[in-house]
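User: I am new to this structure and would like to learn how to read it. Could you take me through it feature by feature?

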Amino acid sequence: MRDGLKPMARRSRPSPTRRIGCGILLIGLAVAAFIAFRFVAGWSEDGPAAREVSITVPEGATLSDAAVLLKQAGTVRSADAFLTRAKFFGGSTPIKAGEFVIPAQASNKDILAILQGGKTLTRLVTIPEGMPSILVYERLMANDQLTGDIQVPEEGSVLPDSYAFDKGEPRAAVLKRMQDAMTKLLAKLWAERAPDLVVKTPREAIILASIVEKETAVAKERPMVAGVYANRLRAGMMLQADPTIIYPITRGKPLGRRIRKSEIAAVNDYNTYAMTGLPKGPIANPGRLSIVAVLHPAQTKALYFVADGKGGHIFADSLQQHNENVRKWFEIRRARGEL
């Protein structure tokens, strides 16, 4: 050693073990960062569903139950991952029960919003005005989204309308809603009826309304048609409504041909060409407007009506006027090649 000089201090180097520990730590941090990134990104990235999917969340189902259903439907990649993310990001709003439409490629975030929002898929079954009960029965039985059996409902007991239902709901429950709707509406309209009506009971109102319904599809004509029939009933005249001839033959289904003379003369509980007064029961399920027309008929002296060739009818106070209108109607039909 030279005089007056101090020895230089050596730099210490990290030991191999320490270097390995630091490397593992960095790798761990990188993995943790990647996992955290994937956890966050996976919440809003596109989901795996290639097309729109509907799922049904039963009443009382938990978020965990829904996660399993979503995985089975192919709308999430992992039930556990969806559940974890939903709990972390989704807040405390509970999910709803019902049938939901999940769009193609919906993210976990979008799916939870759909389940929490409660905007369920709406399924409708529509009963048109004037549909007879045999066709109501066939329409409900043909709907494969409904379950269980029903009997043909009583004629005139169903209110024509569109009714929402849930997939798998019993047909009997849907039919009951239809009948309850008619019962409620009829009670309301009967309480508001005009005075001195020719119909004396709600059932008579439904019977006459069903005839009005089948005689004209023109809404504005219904009070006038109801007025004509009210006048004929008061005068003791036959109603002579063609649909009452057809009903006992087909139970309201289309006849598919012209009415035969023997059918016009047939004596039964419905044919108003062979009897005075009302038939024994309705011949269809009338809509609201036809019921209102019967309970608030037009004040008219008309006793007759016949088709006008334009989709409506022309009315007459006397038989002479009516015969002239009938002659014009036959001329129209001959010109069309119908006779």
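Analyst: Start with how elements are named. Helices and strands are DSSP runs, numbered from the N terminus. Ile95, for one, lies in the loop between α3 and β2 (98-102). Keep in mind that this is a predicted model.

User: How many helices and strands does the protein have?

Analyst: The protein has twelve helices and six strands. It has 339 residues, and 38% of them count as buried. The exposed surface is about 19,900 Å², with carbon and sulfur atoms supplying 55% of it.

User: Is Ile95 buried or exposed?

Analyst: Buried means under 20% relative accessible area. Ile95 has 17% relative accessibility, so it counts as buried.

User: Which residues is Ile95 in contact with, beyond its neighbours within four places in sequence?

Analyst: Ile95 is in contact with Val57, Ala61, Thr62, Leu63, Ala66, Leu112, Leu115 and Gln116. Take Thr62 from that list. Ile95 and Thr62 are 33 residues apart in sequence, but their C-alpha atoms are 7.7 Å apart in space. Now look at the whole protein. Among contacts with a separation of 6 or more, 60% are between residues 24 or more positions apart.

User: Next, helices. Which residues are buried in helix α3?

Analyst: First the general idea. An α-helix has 3.6 residues a turn, so residues three or four places apart point the same way. Now the case here. Helix α3 covers residues 79-89, and its buried residues are Ala79, Phe82, Leu83, Arg85 and Ala86.

User: What caps the N-terminal end of α3?

Analyst: Ser78 does. One of its side-chain oxygens lies 3.4 Å from the backbone nitrogen of Asp80. Look just after α3 as well: Gly91 takes a positive phi of about 75 degrees there.

User: How do I read a strand such as β4? Which side chains point to which face?

Analyst: In a regular strand the side chains alternate between the two faces of the sheet. Strand β4 (residues 162-165) shows such alternation. Tyr163 and Phe165 point to one face and are buried. Ser162 and Ala164 point to the other and are not buried.

User: In which sense do β3 and β4 pair?

Analyst: The pairing is antiparallel, over four bridges. Strand β3 spans residues 123-126. Find Thr126: it stands opposite Ser162 in β4.

User: Now charges. How many salt bridges does the count come to?

Analyst: A salt bridge here needs a side-chain nitrogen of Lys or Arg within 4 Å of a carboxyl oxygen of Asp or Glu. By this rule the count comes to 14. Arg203 and Glu154 form one, with the closest N and O atoms 3.4 Å apart. This pair links distant parts of the chain, 49 residues apart: Arg203 is in helix α7, while Glu154 is in the loop between α5 (133-142) and β4. Arg203 is partly exposed at 42% relative accessibility. Glu154 is exposed, with a relative accessible area of 53%.

User: Where do the residues of a salt bridge within one helix lie, as with Glu331 and Arg327?

Analyst: Both lie in helix α12, four residues apart, about one turn of the helix. Their side chains meet in a salt bridge at 2.3 Å, N to O. Glu331 is partly exposed, with a relative accessible area of 41%. Arg327 is partly exposed too, with 39%. Salt bridges can also share partners: Glu129, Glu213 and Arg222 are joined into one network in this way.

User: Which side chain of opposite charge is nearest to Glu215, and how far away is it?

Analyst: The nearest is Arg232, 9.0 Å away. Glu215 is buried yet has no salt bridge. Find Glu215 in helix α7 (residues 202-215). Its side chain does make a polar contact of 2.7 Å with the side chain of Tyr229. Leaving out residues up to four places away in sequence, Glu215 touches Val225, Tyr229, Ala241, Asp242, Pro243, Phe305 and His313.

User: One last residue. Is Arg333 buried or exposed?

Analyst: Arg333 is buried, with a relative accessible area of 19%. Its place is in helix α12 (residues 319-335). Arg333 and Gly309 are 24 residues apart in sequence and 8.0 Å apart in space, C-alpha to C-alpha.

Technical notes:
Residues numbered from 1 in each chain as written. Predicted model: local features only at pLDDT ≥ 70, side-chain atom pairs only at ≥ 80, totals over all residues. Heavy atoms only, no water. Buried < 20%, exposed > 50% of the residue type's maximum accessible area, 1.4 Å probe, protein only. Helix = DSSP H or I, 4+ residues; strand = E, 2+ residues; numbered from the N terminus. Pairing = 2+ DSSP bridges. Lys, Arg positive; Asp, Glu negative; His and termini not counted. Polar contact = N/O pair within 3.5 Å; in protein donor to acceptor, adjacent residues only side chain to side chain. Contact = heavy atoms within 4.5 Å. Areas by Shrake-Rupley, 256 points an atom, 1.4 Å probe, with all protein chains shown as cover.
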